2 protein chains.
Amino acid sequence: MGVKEKRAKYKEEFRREILDAARELFINEGYEKFSMRRLAEKIDYSATTIYLYFRNKDDLLFAICEEFFGHFSDKLNHIRALSQDPVETLRHALLYLMNFGLENPNQYKLIFFTKSVYGTREEWVEQESMARNTYFVFREIVQDCINAGKFQDIDVDVIVDTLSIASHGVMAKNIHCANFSKERSDIVAHTLVDVILRGLQRQISFE
Amino acid sequence: MGVKEKRAKYKEEFRREILDAARELFINEGYEKFSMRRLAEKIDYSATTIYLYFRNKDDLLFAICEEFFGHFSDKLNHIRALSQDPVETLRHALLYLMNFGLENPNQYKLIFFTKSVYGTREEWVEQESMARNTYFVFREIVQDCINAGKFQDIDVDVIVDTLSIASHGVMAKNIHCANFSKERSDIVAHTLVDVILRGLQRQISFE
DNA sequence: AGCTAAGCTTAACAGCGTTAAGATTGACTA
DNA sequence: TAGTCAATCTTAACGCTGTTAAGCTTAGCT
């Protein structure tokens, strides 16, 4: 292994180290308290060093987001793999997302409430990313419901957006309004999922 | 009119002036570009002068939020006044909120995505505010639906939260993801409202 | 031993919210 | 009318932010 490769390896490892420290700082201290200088202090380097491994703060945030979406898309695939009823799979996936958001508000805030780390919709569609992969897996889960004839005749992408928006809203409320307890958010999350899935379905069971 | 009253009047007027300039700055330049110093420049005073009329930046934001909620609760009351079918009234109210958010992203962002201007849920419930008034009007519209026997047996507050969360989500997506066009958001907003109202209702019309 | 370049740091810029202290101004009183 | 006092506004500063330019240190290769 040549020197250049060794350096490259080292560089990659350091990048990891910074990334891990950054995520930890976010989770423990919260979104507001995060700063490049605090991160630098945590890893015992000067703030400018970080800029040798990440173009800027947004680049760092992007990396963390991508990592999360990697895990999340894995989890979605897993949920889908042990699928019985497609609608129940979808319900499971939605509740998983919301629960993650409610239990990890700082991380969720970082991921979803950061100003446009993924650019415009066009850029997002064109450029390969874990976020896009996650979207596609989620989309397939919805498509499964449609294929099974469970849903009304609505465009799959519209349904996907509708659903992601709903779970988004739960977190938005929980994080930004600060009026919500975890228990209350849980109740509302379940109600929202129930109501939406009920509203989407073609046939509805009466009580 | 004594001097003290005159001063008080003037002070109130200046407060208004600052408030109007602040809102304008928010709407035109966007949330990110807003700062106390830029606002000061706009009104041709030094930045510190603002602090004689508002305790701090949050206090200023609070004032703007309250003003909006004043208008919004009026609008809701108006919609409710010319009510025919309660569910249609609710639909109307929801679409009005979402449409406002989609057409005034900066203002909406300021109002709903600012860190806890209204404190915890307990503080929010106890302390009189336009935001709370708006909530109550909205709550009554939902209660109308329940009283008319249109909805399933779900707690009124849970429904209100569910609905506000949903509209919240539309804006969250539209504002923060930057992947969404106005048209697409419109479609998704209508779909979301349709699906949720359908899901909430006791009896559902099949197509 | 001397050169080269990678790796890291110090110093600085321009911006932020906010506060303390001082200047200005206008009105009331002695 | 001169003097006092308080309201009003500004200048200067603190400590923070993201980010860049320039310089220092050190390790590897010739």
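1. The surface near DNA strand D holds eight nonpolar, six polar and five charged residues. Here "near" means that a heavy atom of the residue lies within 4 Å of the strand. Ala, Val, Leu, Ile, Met, Phe, Trp, Tyr, Cys and Pro count as nonpolar; Asp, Glu, Lys and Arg count as charged; the others, including Gly, count as polar.

2. A word on the model. It is predicted: local features need pLDDT of at least 70, side-chain atom pairs count only at pLDDT 80 or more, and totals for chains, interfaces and linings use all residues. Residues are numbered from 1 along each chain as its sequence is written, chains are lettered from A and ligands numbered from 1 in the order in which they are written, and side-chain values use heavy atoms, with hydrogens and water left out.

3. Around DNA strand D there are 19 residues, and Arg37(A), Thr48(A), Thr48(B), Thr49(B) and Tyr53(B) come nearest. Of the strand's atoms within 4 Å of the protein, 53% are sugar or phosphate.

4. Polar contacts (pairs of N or O atoms within 3.5 Å) reach strand D from both chains. A backbone N or O atom of Met36(A) sits 3.0 Å from a phosphate oxygen of DNA strand D. For Ser46(B), the backbone distance to a phosphate oxygen of that strand is 2.8 Å. Thr48(B) places a polar side-chain atom 3.3 Å from a base oxygen of DNA strand D. Helix H2 (36–43) of chain A, with helices H1 (3–29) and H3 (47–50) of chain B, each give two or more residues to this surface. Helices are DSSP runs of H or I with at least four residues, numbered from the N terminus.

5. Now DNA strand C. It is surrounded by 19 residues, with Thr49(A), Tyr53(A), Ser35(B), Arg37(B) and Thr48(B) the closest. Polar side-chain atoms of Thr49(A) and Tyr53(A) lie 2.4 Å and 2.6 Å from a phosphate oxygen of DNA strand C. Arg37(B) has a side-chain N or O atom 2.4 Å from a base nitrogen of DNA strand C.

6. The largest nonpolar core has 87 residues, and Leu90(A) and Leu90(B) have the most contacts inside it. Such a core joins buried Ala, Val, Leu, Ile, Met, Phe, Trp, Tyr and Cys residues through side-chain atoms within 4.5 Å.

7. Asp161(B) lies in helix H9 (residues 156–177) of chain B. It counts as buried (under 20% relative accessible area, 1.4 Å probe, protein chains only) because its relative accessibility is 0%. Beyond four places in sequence, Asp161(B) touches Lys173(A), Phe180(A), Arg184(A), Val188(A), Arg121(B) and Tyr135(B); contact means heavy atoms within 4.5 Å.

Technical notes. A polar contact is a pair of N or O atoms within 3.5 Å; within protein, one must be able to donate a hydrogen and the other to accept it, and residues adjacent in sequence count only if both atoms are side-chain atoms. Buried means under 20% relative accessible area, exposed over 50%, partly exposed in between (1.4 Å probe, protein chains only).
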